[in-house]
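Grab your viewer and a pencil: here's a small set of exercises on pockets, a cavity, two residues and a helix. Try each task before reading its solution.

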Amino acid sequence: MRLFVAIELSEDLQKSMTATMHDLKIKGVKGNYVPVRNLHLTLAFLGEVADLAAVENALRGIQYKAFKLSLSSMGTFGDLLWVGTKGNQGLAAAAKSVREALDENGITYDGKKFTPHITIVRHVTGPWQQVSAPKGEMTVKKISLMKTTFKNGKPEYTEIFAI
């Protein structure tokens, strides 16, 4: 089972992201746009995991306080276009708690440095810099363990456990 730990976006943030993606399309920005239902902020990518119960047990012990998540700017990693968040100690602490819980329980994950972002377009080409980043804020009260399944070759993300 392919898993990751993430923050799902509020309906208001999804609407703001949708408007920005619409503006990008109008400006002629091409690529594989992430479906709105799949927008999220990944805290840790686990990949293929055989023991779901072990992951759930590790995550049950996580402690974090609700925090604000605010959208800020857009940028790229290679040909991947993302929306970033404003500096946020609550978000950094939540990501650290998730990763420490996974480490303490011997559960492997990608281990990349945590760089908070929400992917909106893969294989992006075109003048994305001409579009303003989405605005918005939400209070994060839940962290989700998500499962990836593929339908017709396209990923769909489903929450299977929440903290």
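The exercises below work through a predicted model.

**Exercise 1. Find the volume of the largest pocket, then work out what lines it.**

Step 1: start with the space itself, which comes to about 580 Å³.
Step 2: look towards the middle. The lining has 20 residues, and the closest to the pocket's centre are Thr42, Phe45, Asp110, Lys112 and His117.
Step 3: ask which strands contribute. E1 (2-8), E3 (40-48) and E6 (117-125) each supply at least two lining residues, and E3 gives the most, with 5.
Step 4: sort the lining by class, which gives 8 nonpolar, 6 polar and 6 charged residues.

**Exercise 2. Decide whether phenylalanine 45 is buried, partly exposed or exposed, and list its contacts away from its sequence neighbours.**

Step 1: place the residue. Phenylalanine 45 sits in strand E3.
Step 2: check the accessibility. Its relative value is 27%, so phenylalanine 45 counts as partly exposed; the buried class is under 20% and the exposed class over 50%.
Step 3: leave out neighbours within four places in sequence. What phenylalanine 45 then contacts is Arg2, Leu3, Phe4, Tyr109 and Asp110.
Step 4: try a distance. Glycine 31 is 14 residues from phenylalanine 45 in sequence, and their C-alpha atoms are 23 Å apart.

**Exercise 3. Do the same for threonine 148: is it buried or exposed, and what does it touch?**

Step 1: threonine 148 belongs to strand E8, residues 144-151.
Step 2: its relative accessible area is 10%, so threonine 148 is buried.
Step 3: setting aside residues up to four places away in sequence, threonine 148 touches Arg2, Phe4, Pro155, Glu156 and Tyr157. Arg2 and Phe4 turn up among the contacts of phenylalanine 45 as well.

**Exercise 4. Describe the second largest pocket: its volume, its lining and the strand that gives the largest share.**

Step 1: the volume is about 260 Å³.
Step 2: read off the lining, which is Asn32, Tyr33, Val34, Pro35, Arg37, Asn38, Arg122, Lys151, Lys154, Pro155, Glu156 and Tyr157.
Step 3: the elements giving two or more of these residues are strand E2 (30-33) and strand E9 (154-162). E9 has the largest share, 4 residues.
Step 4: the class split is 5 nonpolar, 2 polar and 5 charged.

**Exercise 5. Now look for enclosed space: how many cavities of 30 Å³ or more are there, and what lines the largest?**

Step 1: the count is 1, and the largest cavity holds about 30 Å³.
Step 2: its lining is Val34, Asn38, Leu39, His40, Thr119 and Arg122, with 2 nonpolar, 3 polar and 1 charged by class.
Step 3: compare with the second pocket. Val34, Asn38 and Arg122 line that pocket and also the cavity.

**Exercise 6. Take helix H3 (residues 89-104) and check its span, its ends and its buried side.**

Step 1: H3 has 16 residues and reaches 22 Å from first C-alpha to last, close to the 22 Å expected at 1.5 Å a residue.
Step 2: at the start of H3, a side-chain oxygen of asparagine 88 comes within 2.9 Å of the backbone nitrogen of glycine 90. Just after H3, glycine 106 has a positive phi of about 70°.
Step 3: the helix's buried residues are Leu91, Ala94, Ala95, Ser97, Val98, Arg99, Ala101 and Leu102.
Step 4: their cover includes E1, E3, helix H2 (52-60), strand E4 (67-77) and strand E5 (80-85).

Definitions and conventions: Residues are numbered from 1 along each chain as its sequence is written. This is a predicted model: local features need pLDDT of at least 70, side-chain atom pairs count only at pLDDT 80 or more; totals for chains, interfaces and linings use all residues. Side-chain values use heavy atoms; hydrogens and water are left out. On a 1 Å grid over the protein atoms alone, a cavity is a set of points where a 1.4 Å probe fits but cannot get out, and a pocket is an open set with protein on both sides within 12 Å along at least five of seven lines; lining residues have an atom within 4 Å of a point. Grid points are joined across faces, edges and corners, and a volume is the space filled by probe spheres set on the points. Ala, Val, Leu, Ile, Met, Phe, Trp, Tyr, Cys and Pro count as nonpolar, Asp, Glu, Lys and Arg as charged, and the others, Gly among them, as polar. Buried means under 20% relative accessible area, exposed over 50%, partly exposed in between (1.4 Å probe, protein chains only). Contact means heavy atoms within 4.5 Å. The expected span of a helix is 1.5 Å times one less than its number of residues. A polar contact is a pair of N or O atoms within 3.5 Å; within protein, one must be able to donate a hydrogen and the other to accept it, and residues adjacent in sequence count only if both atoms are side-chain atoms.
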